[in-house]
Each structure stands twice: as structure tokens, then as C-alpha cells.
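Trainee: Could you take me through one part of this model closely, strand by strand, and then set that part in its wider surroundings?

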Amino acid sequence: VLALLLAAAKHIVPLDQALRRGDWRPRYRPSQALLLRNKTALIVGYGAIGREVAGMCRQLGMKVLAIKRTVEDPADDLAEEIQPASALNRLLPRTHALLITLPHTPETDGLIGERELKLLPQGAVLVNVGRGPIVDEEALFLALRDGHLHSAGLDVWYNYPADEESRAETFPANQPFHELDNVVLSPHRGGATMESNVLRMQHLATLLNAAAGGEPLPNKVDITAGY
């Protein structure tokens, strides 16, 4: 999330591509990079991932708002406000960076559409590491193409390869996001690191030890909620 936010806000990919061609001209043009300090991040999906992101945003000097399905407290040590989903449209006009860490369920499908994107201030950044269909594809493309959104960092998509053969030639969306230089495209690799398998085993061991000891299980799935 943080990598996508910084890459999008600082316009890093187009600058990298230009310099690889020996082109220094972008350095001498008005900067398109955003200063994140003192900006407001809205984290939609304030679970374990959302809280980790909140801590990192605070380290960048950002203010943090959060949307959570079940709100126990209206604030904590990371988020200045924690609100239910019904408050989304009220918080969007205050949001400079919309960070989506939600699971995809019938409740969250299409949660961010044309109306919600227009409620964001001109020049906001959107990062989605939840699932593609949480954000309406066409509305997102148009908001980026027409300049309402400054940029986006997307790790989750609308089209995926159907088989191994198609992995080399499948565009991730029906809209041509790949033609926009204000979008950072990532192939659903946000949770993949060289250390990920070790971390998975550690968390699995914690779960098994809790089960063996008759203790409450961590990260219990709520079947009715879908995650």
C-alpha cells in the first residue's frame, strides 16, 4: 500500500521510464509530485492490514481517518476518527488519499462508484489492494483520465488470466489503464515477498497452538460476513 501510494503520489514510474531513455526534461517541468505530509488518508477497511497502513501513514505525517464495519471506539492511537460505512460519503470530501483494504463481498461490491469518486477533492490519490470490483472500473478510469484524480496505485484488477498460456497476454481491465501515466499497475502481488511463506507458517503455528490449547482462535472467519 505504501509503495503504491508513494509511487503514484510522486509520479515515480514515468520519471523512471523517461530517465531510462536518457530524457531529463521532466526534471525541468513543473513537478507533478504531491506532498503527503499534513494530507488526510482515509482507510476503508480498518482491520489488521488497515491498522498497519495507518501506522505508516502517521509516520509520513498524514492524518488518518478510517471506515470499519463494526466500530467499538470512535478513535484510537492511529486513526483520528473511526466511522461505520454509512459515514463514507461524509468523509470522502476530506480525503486526499483513499486507501482501500477491504475484502470483496456483496456488501462491498461497487462501493466506490462515480458519485463517491466525485466526492473526493480534486487531485486525490486512490490505492486499491482489496479487490478490483470494490471500485467501479469505468468511473475510476474516467476520473484518472480526466484529471479529477491525481493518480492511482492498483494491485487488484478486473480481468485475470484464465490459464497459464494467457498469463503473457491478458490486460488487467476492460478500460485501458495501461495508457495512463498517472496509474501504477501491480499484478496482485501486494502480499508476496520472499519472507511471506515463513510468515504464513508462523501465523499457522499460532493458530494451531491456540486450537490445541483450547484458546480463542485468531483471525476467525465470519461466514455470514464473507471474511
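Mentor: In this predicted model, β5, helix α6 (residues 137-145) and β6 together make a β-α-β unit, and that unit is right-handed. The two strands of the unit, β5 and β6 (residues 149-154), run parallel and are joined by 5 bridges, and within this pairing Val127 stands opposite Gly153 in β6.

On its other pairing, β5 meets strand β4 (residues 97-100), again in the parallel sense, over 4 bridges, with Ala97 standing opposite Val125 in β5. To get from β4 to β5 the chain passes through helix α5 (residues 114-119), and this β-α-β crossover is right-handed.

Consider next how β5 itself, which spans residues 124-128, is covered: 5 of its 5 residues are buried, where buried means under 20% relative accessible area. The side chains split between two directions, since Ala124, Leu126 and Asn128 point one way from β5 while Val125 and Val127 point the other way, and all of them are buried. Val125 and Val127, which share a direction, are also the residues already mentioned as standing opposite Ala97 and opposite Gly153 in β6.

Stepping back from β5, the sheet to which it belongs is open and consists of 7 strands in the order β3-β2-β1-β4-β5-β6-β7, with parallel pairing. β3 (81-83) and β7 (183-185) stand at the edges of this sheet, and because each has a single partner strand, one side of each is left without a neighbour in the sheet. From one strand to the next, the twist averages 15 degrees.

At the β3 edge, the partner is strand β2 (residues 63-67), which runs parallel to β3 and is joined to it by 3 bridges; there, the bridge partner of Leu65 is Glu81 in β3.

A separate feature to keep in view is the second largest pocket, which holds about 300 Å³ of space. Its lining comprises 16 residues, and those that lie nearest the centre of the pocket are His11, Leu15, Pro26, Arg29 and Gln32. Sorted by class, the lining of this pocket has 6 nonpolar, 4 polar and 6 charged residues.

Conventions. Residues numbered from 1 in each chain as written. Predicted model: local features only at pLDDT ≥ 70, side-chain atom pairs only at ≥ 80, totals over all residues. Heavy atoms only, no water. 1 Å grid on protein atoms, 1.4 Å probe; cavity = no way out; pocket = protein on both sides within 12 Å on 5 of 7 lines; lining within 4 Å. Points joined across faces, edges and corners; volume = space filled by probe spheres on them. Nonpolar A, V, L, I, M, F, W, Y, C, P; charged D, E, K, R; others polar. Buried < 20%, exposed > 50% of the residue type's maximum accessible area, 1.4 Å probe, protein only. Pairing = 2+ DSSP bridges. Right-handed = clockwise from strand over helix to strand, strands pointing away. Axes fitted to C-alpha atoms, helices over the stretch in contact; angles between N-to-C directions.
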